[in-house]
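Student: Could you take me through the salt bridges here, please? I would like a close look at who pairs with whom and how buried the partners are.

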Amino acid sequence: MKENKLANSETFWEGKVASPGIAIGEVFLFNQKEITVPRKKLYSSEIASEIERFQKALNLAKKELLKAQNSSNAKMKKDHSQIFETQKMFLEDEILKQNVIEKIRNEKINSEWAYQQVIDEAIQALSSSPNQYLKERVFDIQALKNRIVEYMQGVRQKKLDSVKSSAVVFATHLSPSDLLNLRKQKVGGLVLKESGVTSHVAILAKSLRIPTVVGVEENFHELKNSMPVVLDAESGRVILSPEEETLRQFRVRQEKLAQEKKKLQLLKKKSAITRDKKGIDLLANLEISEEAQAALDYGAEGVGLFRTEFLFGDSSQIPSEEEQFQAYSAVLKKFSPRPVIIRTFDLGGDKMASNYQTVAENNPFLGWRAIRVGLDVPEILETQLKALLKASKYGNLKIMFPFISNIEEIRKAKKILKQVQSQLKNEKVPMAAKIPLGIMVEVPSAALNVDIFAKEVDFFSLGTNDLIQYTLAVDRTNPQVASWYQTFNPAILRLIQISVEAAFKNKKEIAVCGEMAGETLALPFLIGLGIKELSVTPPLVPEIKEKIGKLSFSECKKIAAKVLKMDSVQEITEYLEITCRNLGLEKNF
């Protein structure tokens, strides 16, 4: 018998954190068998029954989805209606259904094969997208595809009602209904292969507070049920057959996390204030509308960045005005009267934008994206602005344009906005009397021209992820150049300083909504520059509140001034590490 190394020695697997936390328990394998779809030729007499088999599988999947939606509590239905609706729309897509049926008829092949071919075309198109959110819709489609193929093949996976409450579930893919069943069993955690950090299942897991690691590439076939496991969904590690000392350390960490969560819950209703009483507005970044309630639960004082690309889902069509209106108004209502900054579509050289493209792009990140698409294809921007203006009556809306590099772009976008406003006024459509307008500062030209742009806009938001990428010429998604992606490169800090000082000089608000806003080492520097608004992912809100409470604005000003005189990443990083340690702040990255 072949020796199972995983069962005999402590083994580490790596993935990405989708929902933070720590779980200690046993392995439970689910969906571990690969689904193989054979290609079978049909006789003409078999085609009608094959089409019926395909439609029956779709109906079964729809029934399962509705059952899951109905079995979820009222809060779950309200917060995650978009996820259920997206899955339902996909199952009811007539074009997709007809494509499969035509393939069965024309090629005389079995329904599983025809369905797989049609869906895989959509998956291939989304996989090539540089837009991370759209890329991760692949995982949602893949999970749904696998479930429907299982129905067609009559495959019954291992029942989830046998899962122990302490189990860590390992799965190739999960559907939202699977996850809701697991919630009832109060599982310890999830390890998923075919999923990304913004997939629907990952977002649901985060909302349900289930520690989850995704994108694990190792072979699940080597696992055995009931193997001991530690899931470190703080760092993205999976530890199989942990040693006694490892278990002891993680039990201590688990208890500490539980205590910290209780303590942080007390901060939910408190404001973020430094020791010397300087207030900082702490807002949340949202990927989808369903995250709004979680952001409020964590104590966010508003929305600093609401990305709208999720509205495309797996479709190549521009979301309708009504679809957009429903999503925007839902978030505005939930947060009213708190501010909600909604960013217009940041589409790249991907499937959605490519419907209008005439030139192939070798480097979409430096190509036709974001505001450039909106200005070249005004109907995209006009439809979105109409939906935003109509939704504005429900809350405190601010509109933000992405990827601005020159003042002409701002003026053209404002002209379209005024035209839409005028049209809606003539139609007597109610909307907010005044809607502040801002831009993302994410390319060097924008950072250096904040003083010029201040004549045209009301506020700025520093998108530090892209600002670092474009300033240092580093693709932040490329692991081969990861060491060149330097948050504390002096050039980055100086560009931020220039932007902040220019905004203040022109009496304009400026915030930070990139990952830097949630980095412990960056907090003293940003606050020391005078930044009064930070926007982070919802789970980070209470943690950053607590850390701000340990800082003094007067001390932070000295720290920022000292950092700006330093000339190397290493010197800056080491200084900030020592400083934060002395202030009682721990690194969270």
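Tutor: Happy to, and what follows is a walk through the salt bridges of this model. Keep in mind that the model is predicted. The count comes to 18 salt bridges.

Let's begin in helix α10, which spans residues 244-265. Here the side chains of R248 and E245 form a salt bridge, with 2.7 Å from N to O. The two sit three residues apart in this helix, about one turn. R248 is partly exposed at 44% relative accessibility, and E245 is partly exposed as well, at 39%.

Helix α10 also holds R253, whose partner D232 belongs to strand β7 (residues 228-232), so this pair ties together parts 21 residues apart in sequence. The closest N and O atoms of D232 and R253 are 3.4 Å apart. D232 is buried, with a relative accessible area of 1%, whereas R253 is partly exposed at 33%.

A further pair lies within helix α5 (residues 94-107), where K103 and E107 are four residues apart and therefore separated by about one helical turn. Their side chains meet in a salt bridge at 3.1 Å, N to O. K103 has a relative accessible area of 19%; because buried means under 20%, K103 counts as buried. E107, at 30%, is partly exposed.

Technical notes. Residues numbered from 1 in each chain as written. Predicted model: local features only at pLDDT ≥ 70, side-chain atom pairs only at ≥ 80, totals over all residues. Heavy atoms only, no water. Salt bridge = Lys/Arg side-chain N within 4 Å of Asp/Glu carboxyl O. Buried < 20%, exposed > 50% of the residue type's maximum accessible area, 1.4 Å probe, protein only.
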